[in-house]
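Reader: I would like to go through this model and ask what stands behind the terms used for it.

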Amino acid sequence: MIMRPNPADDTPETPLTPEQERVLVKFRRFSSASMIIMFVGIIAVLGVVSYRMLKPQPIGTGQVTAMLPAGAKVVSTAVSGDVLVVTLDVSGALEVRTFDVRTLAPGATLRFATQPEGVR
């Protein structure tokens with residue numbers, strides 16, 4: 001372990017002049033005000049971020065027309081979380097389409113087809 005001398009032991013304590021005391025008090029006051037302003041700013045930023053994250057998102061309004069293939073029939077619909085699932089019968093083949101519930105934007109399409117006999 002390395003022993004280092006304490007720097008306070010090397011310099012004698014000299015009292016501060018009144019001018020130096022005033023400067024020191026002024027510096028402490030300004031740095032305290034600066035820290036308070038910075039703290040309030042950080043709290044404000046965190047408050048805005050948490051407000052935007054926690055506020056409920058509006059559900060899309062208006063009318064949306066989803067174009068289906070000719071001869072398609074809706075077999076069933078279901079909602080799970082934020083996804084609307086529509087099952088279609090398209091000329092005897094099943095097709096599943098998903099939509100975002102909030103915006104009604106189309107998502108994935110899953111088509112089912114029969115496999116020819118003898119092919120595995």
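Reader: What share of the 120 residues of the protein chain count as buried, and what makes a residue buried?

Author: This is a predicted model, in which local features need pLDDT of at least 70, side-chain atom pairs count only at pLDDT 80 or more, and totals for chains, interfaces and linings use all residues. Residues are numbered from 1 along each chain as its sequence is written, and side-chain values use heavy atoms, with hydrogens and water left out. Buried means under 20% relative accessible area (1.4 Å probe, protein chains only); 8% of the 120 residues meet that.

Reader: What makes a stretch a helix or a strand, and how many of each does the protein chain have?

Author: Both are DSSP runs, numbered from the N terminus: H or I over at least four residues for a helix, E over at least two for a strand. By that rule the protein chain has two helices and four strands, in the sequence pattern α-α-β-β-β-β.

Reader: How do you know that β1 and β2 pair?

Author: Pairing requires that DSSP finds at least two bridges between the strands. Eight bridges join β1 to β2 (residues 83-90), so the two strands count as paired, and they run antiparallel. V79 stands opposite L84 in β2. The two strands form a hairpin with two residues between them, and G81 in the turn has a positive phi of about 65°.

Reader: Which strands stand at the edges of the open sheet, and why?

Author: The order is β1-β2-β3-β4, with antiparallel pairing. β1 (72-80) and β4 (106-111) each have a single partner strand, so one side of each lacks a neighbour in the sheet. The partner of β4 is β3 (residues 93-100), over four bridges, with E95 opposite R111.

Definitions and conventions:
Buried < 20%, exposed > 50% of the residue type's maximum accessible area, 1.4 Å probe, protein only.
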